[in-house]
Amino acid sequence: MGRSDPTAALRRFADELDVAVFTVGFVIAAGSVLAFVLWPGAASERMAAANDFLWTAAGWWYLVAMFVLVAFVGFLIFGPWGNIKLGSDDERPEFSFPAYFAMLYSAGIAAGIVFWGPAEAIFHYDAASPFVGAESQSPEAAVGAIQYTFFHWGISAWTAYVVMSLPVAYFAYRYDAPLRISTVIAPWVGLENLDGPLAKSIDVLAVFATIGGVATTLGLVGSQFLVGIEWTTGASVGDSGTILVITGLTVAFTISVSLGIRKGIQRLSYFNMGLFALVTVATFLLGPTTQIMSMGTQALGAYINEFITMSFYTGSGNGAGAGVDEWVGGWTIFYWAWWFSWTPFVGLFIARISRGRTVRQVAVTGVIASTGITVPWFATMGGTAIFLQESGQSDILAVVSELGEAGSGYPMFEALPLGGLLTVLFLVLVTTFLITSADSSTLALGMLTTGGVEQPSTINRVIWGFLIGALASLLMVTGGVDALQQAAIITGGPFSIIALLAVISMMSAFGARRPLFLREEDDVSIGSTDLEGTRTEPETADPSDD
């Protein structure tokens, strides 16, 4: 039978399915959609209550967990484990560096970067963080606003993804482990037990977190797309229009992911990065260039100088009692939880494209290079928005008050030379980045629910694309941005723990392969239990290995 035969397609879908993970994940996703359809008020209320508990009582945990990940990745970059290969020692990378970086960045937080680029700094300029301690719309608030955008979107965010990707890629390409999040526990349970209850539970959690994280992004960026339509055409789409637009975007990214990585995601990623660079450079040159450089330079220095203090800041002395300050909970804790909720699918996607690279190459590309691209974007967008607001050339805050965060970019671009063209390019960028991020998430959900198949069936990916789109639409209609942020905090919590398990997993595996404190003249005999659970013969560890 041909590939287009529906019977053959259904047979492939059934044959490759991990029934337990798929069923539980599907029930959770479908149940969430049903709850918001039948009992929108009660569902929103319970989600808000869970969110409030997490960021007030457990907000400190998100901060501590994220800093541990940052410290560990710093060690990987500069320490002896950086040369370990994700694959055989003589294996070459599957993708060229430009393709690798474009896909990694586009699949990461790029869709959110487009949404919050013009929006976040103007919020912090109007209502500064207690950490900054500046008056509203003051020069100090302006610098602090850019500083916090660097903090929220810089090395911490990208670190979480790298930590999850490395052990999965290492075990998959060194020991033929499945491309699943549960692979991180291989050092303790062995490869033959990755189908056990603990592994299944981790993969179910990964499905749960991915659905919440991607629905959050799809809803946020989808709302920006809708506001862009309303801004440029004057037509309001309403609730039914919201659902139709999100459905259309869902169909678009489902078609793209069905083309595969090389034909779909890679080509679209190249387009994304080119357009991203064009919009950044054009805004920098057409906007307040001197202001952008001045504020951006000072904010970058403050970010580097105060990074550790900011990483542990809870604002608990600002009238928050024993809990986390409301500003910190609504911004930093939300972001950290959002990144944790994205770690399963972004980490899995990075693992999928990292074969043949070293640990250091993945860490430097994923953290240093990605942050290096992100900082100029936020300095340019945030600096331009603040300058236009401060100088009275555009009342961006008034538009945000009327249309929400999603409306911040359009009045900003409109106030610049060639504003009409920039607005259209920005709208296209919103759409393509959204499709690319959704591509990678749908692919990851397919891998998670098929036991690690690298190219899951189209039926599988269509199912997950539909559920994510439906949940995002309903969250937007019933609760808007607040509901989306609550979903991210709730679904990201469990994966802060899984991310730390990934750190311990790497310490176990990498430490056995290349022990720390090994001097060049030492000969150390190492006997260890291998991943398959059998005893290996002692071998001589050579510092030149890997």
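## Exercises on a predicted model

D176 is exposed, its relative accessible area being 66%. The structure is a predicted model, and the exercises below are worked on it.

**Exercise 1.** Determine where D176 and L418 are placed and what is notable about the phi of each.

*Solution.* Begin with D176. This residue belongs to the loop that joins helix 9 (155-175) to helix 10 (186-189). Its phi is near 60°, which is a positive value in a residue other than glycine. As a point of comparison, a negative phi is found in most residues other than glycine. Next, take L418, which sits in the loop between helix 19 (409-414) and helix 20 (419-448). The phi of L418 is also positive, near 60°, and L418 is likewise not a glycine.

**Exercise 2.** Decide whether L418 is buried or exposed.

*Solution.* The relative accessibility of L418 is 57%. Exposed means over 50%. L418 therefore counts as exposed.

**Exercise 3.** Describe how helix 4 and helix 16 are arranged, and which residues make their contact.

*Solution.* First, consider the axes: those of helix 4 (residues 59-78) and helix 16 (residues 326-353) come within 9 Å and cross at roughly 55°. Angles under 35 degrees count as roughly parallel, and those of 65 to 115 as roughly perpendicular. Helix 4 is therefore oblique to helix 16. Second, the handedness: the crossing of helix 4 with helix 16 is left-handed. Third, the residues: helix 4 contributes G59, Y62, L63, A65, M66 and L69, while T332, I333, W336, A337, W339 and F340 come from helix 16. Sorted by class, this contact of helix 4 with helix 16 holds ten nonpolar and two polar residues, with no charged ones.

**Exercise 4.** Establish whether S156 and V162 are buried or exposed, and list what each touches beyond its neighbours in sequence.

*Solution.* S156 lies in helix 9. Its relative accessible area is 1%, so S156 is buried. Not counting residues up to four places away in sequence, S156 touches M66, V70, F307 and W336. Among these, M66 and W336 have already appeared in the contact between helix 4 and helix 16.

V162 is also part of helix 9. With a relative accessibility of 1%, V162 counts as buried. Leaving aside neighbours within four places in sequence, the residues in contact with V162 are V73, V362, A363, G366 and V367. Finally, the C-alpha atoms of V162 and V346 are separated by 8.6 Å, although the two residues are 184 residues apart along the chain.

Conventions
Residues numbered from 1 in each chain as written. Predicted model: local features only at pLDDT ≥ 70, side-chain atom pairs only at ≥ 80, totals over all residues. Heavy atoms only, no water. Helix = DSSP H or I, 4+ residues; strand = E, 2+ residues; numbered from the N terminus. Buried < 20%, exposed > 50% of the residue type's maximum accessible area, 1.4 Å probe, protein only. Axes fitted to C-alpha atoms, helices over the stretch in contact; angles between N-to-C directions. Parallel < 35°, antiparallel > 145°, perpendicular 65-115°, else oblique. Left-handed = near helix turned anticlockwise from the far one by under 90°. Contact = heavy atoms within 4.5 Å. Nonpolar A, V, L, I, M, F, W, Y, C, P; charged D, E, K, R; others polar.
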